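Here are a few friendly notes to read beside the structure. Please keep the viewer open as you go through the points.

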Amino acid sequence: MSMLLVLGECRIIGTEPDGDTIHFVPTNPLAFDKLKDAPVEVKNGTARLRLEGIDALETHYDRTGPRIRQPAEFGDRAAQELLTFLGFSDVQRSGQKVVSANPPQTPAWVLTQGGDPFKRCVALLGTGTPPGADGTEVQVDVPLLQTTVNHHLLKTGLVYPGFYDKLFRNLREELAAVTRQAREAGLGLWPFDATTAPGGAPITGMPSLTEAVILPKLFRRLVDHFNLVEQSLTCFPAYLAGKEDNVEVLSTRTKQLSLAPLVQIIDGAAVRMTAQPEDTVFAEG
């Protein structure tokens with residue numbers, strides 16, 4: 001089970017890094033060219049990273065309408081923890097855009113199998129001594145995974161797990177285990193998580209989404225529904241059924257073509273999922 005190792009540096013001035021995305025400048029501009037089946041876009045020498053296996057609260061989601069964010073406390077904490085892990089300090093922002101940091105870039109390395117549908121590099125991200133030579137295939141095991149910021153952010157409870165089917169099973173199981181440990185220890189966002197709460201997350205329209213600590217994928221689907229359909233939950237199940245979120249529930253070995261069977265609407269005013277985030281695996285693309 002190998003991934004391509006690419007050396008480079010993370011640069012954040014003029015960008016809007018959050019808890020699971022950041023810009024990466026490979027030392028070799030052609031390093032990602034080996035990923036023919038899942039290409040990564042390198043623009044002006046820079047690739048966008050989407051951190052494998054995690055999903056941070058949205059700090060600036062605007063795919064279908066005006067910019068909106070999830071609760072600032074955990075979105076901002078995850079973003080700051082990511083930058084601190086990478087060696088940045090004194091980070092100053094104007095809105096979400098970084099205007100200064102010390103240093104302005106830090107050395108880093110990524111392990112990847114390729115890009116997502118938006119050609120972002122889906123990656124494990126680390127710092128310090130790289131586990132091999134630039135541009136080589138590296139065997140990725142659990143001890144190596146444990147050195148990455150992906151593992152660190154789940155361990156601290158500041159992000160949700162977000163598993164896709166290309167992630168190796170042993171790595172997914174390790175990330176699921178640290179997720180459960182963080183939840184049981186009451187770390188980070190978990191004491192406030194309403195994703196699978198019996199009464200659900202109270203959702204009465206777009207403004208209520210800024211207060212709900214829920215799985216970001218569910219948040220994004222709700223935002224898109226409110227922007228594109230209506231400001232109520234009445235048709236939300238039908239909207240979900242029309243989205244191709246192919247998902248497997250691991251504990252029951254059931255596969256669904258959308259999130260609709262996993263989402264409940266409670267009294268027209270609350271939403272909950274019936275499976276824990278770490279119990280779901282989505283098809284990439």
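Which residues are linked with Arg50 in a network of salt bridges?

1. **The network.** Before the answer, please bear in mind that this is a predicted model. The network joins Arg50 to Asp116, Arg120 and Glu284 through salt bridges. It is a good place to start looking, and two of its members come back under the pockets below: Asp116 and Arg120 are among the residues closest to the centre of the largest pocket.

2. **Arg50 and Glu284.** Within that network, the side chains of Arg50 and Glu284 form a salt bridge with an N to O distance of 3.1 Å. Arg50 sits in strand 4 (residues 46–51), while Glu284 belongs to the segment after strand 17 (280–282), so this pair ties together parts of the chain that are 234 residues apart in sequence. Are the two partners buried or partly exposed? Arg50 has a relative accessibility of 12% and so counts as buried, the cut-off being under 20%. Glu284, at 22%, counts as partly exposed.

3. **Other salt bridges.** The model has 14 salt bridges by the rule used here. One of them pairs Lys217 with Asp245, with the closest N and O atoms 4.0 Å apart. Lys217 is in helix 6 (residues 216–228) and Asp245 is in the loop between helix 7 (236–241) and strand 13 (247–249), so the pair links distant parts of the chain, 28 residues apart. Both Lys217 and Asp245 are buried. Another salt bridge joins Arg11 and Glu9, whose closest N and O atoms are 2.6 Å apart. Arg11 is partly exposed, with a relative accessible area of 40%.

4. **The largest pocket.** This pocket has a volume of about 1200 Å³. Of its 47 lining residues, Arg63, Asp116, Phe118, Arg120 and Arg220 are the closest to the centre. Which element gives the most to the lining? Helix 6 does, with five residues. Other elements that each supply at least two lining residues include strand 2 (21–26), strand 4, strand 5 (53–55) and strand 17. By class, the lining holds 20 charged, 16 nonpolar and 11 polar residues.

5. **The second largest pocket.** Its volume is about 210 Å³. The lining includes Arg169, Arg172, Glu173, Ala176 and Arg180, along with Glu248 and Arg253. Helix 4 (residues 169–184) provides the largest share, five residues. Eight of the lining residues are charged and two are nonpolar, with no polar ones.

6. **Helix 4.** The end C-alpha atoms of helix 4 are 22 Å apart, which agrees with the 22 Å that its 16 residues should span at 1.5 Å a residue. Its buried residues include Leu171, Leu175 and Val178, and also Arg172 and Glu174. Just after helix 4 comes Gly186, with a positive phi of about 70°.

7. **Helix 1.** Helix 1 (residues 72–86) reaches 21 Å from its first C-alpha to its last, close to the 21 Å expected for its 15 residues. Among its buried residues are Phe74, Ala78, Leu82 and Leu86. Gly87, just after helix 1, takes a positive phi of about 105°.

Conventions: Residues numbered from 1 in each chain as written. Predicted model: local features only at pLDDT ≥ 70, side-chain atom pairs only at ≥ 80, totals over all residues. Heavy atoms only, no water. Buried < 20%, exposed > 50% of the residue type's maximum accessible area, 1.4 Å probe, protein only. Helix = DSSP H or I, 4+ residues; strand = E, 2+ residues; numbered from the N terminus. 1 Å grid on protein atoms, 1.4 Å probe; cavity = no way out; pocket = protein on both sides within 12 Å on 5 of 7 lines; lining within 4 Å. Points joined across faces, edges and corners; volume = space filled by probe spheres on them. Nonpolar A, V, L, I, M, F, W, Y, C, P; charged D, E, K, R; others polar. Expected span 1.5 Å × (residues − 1).
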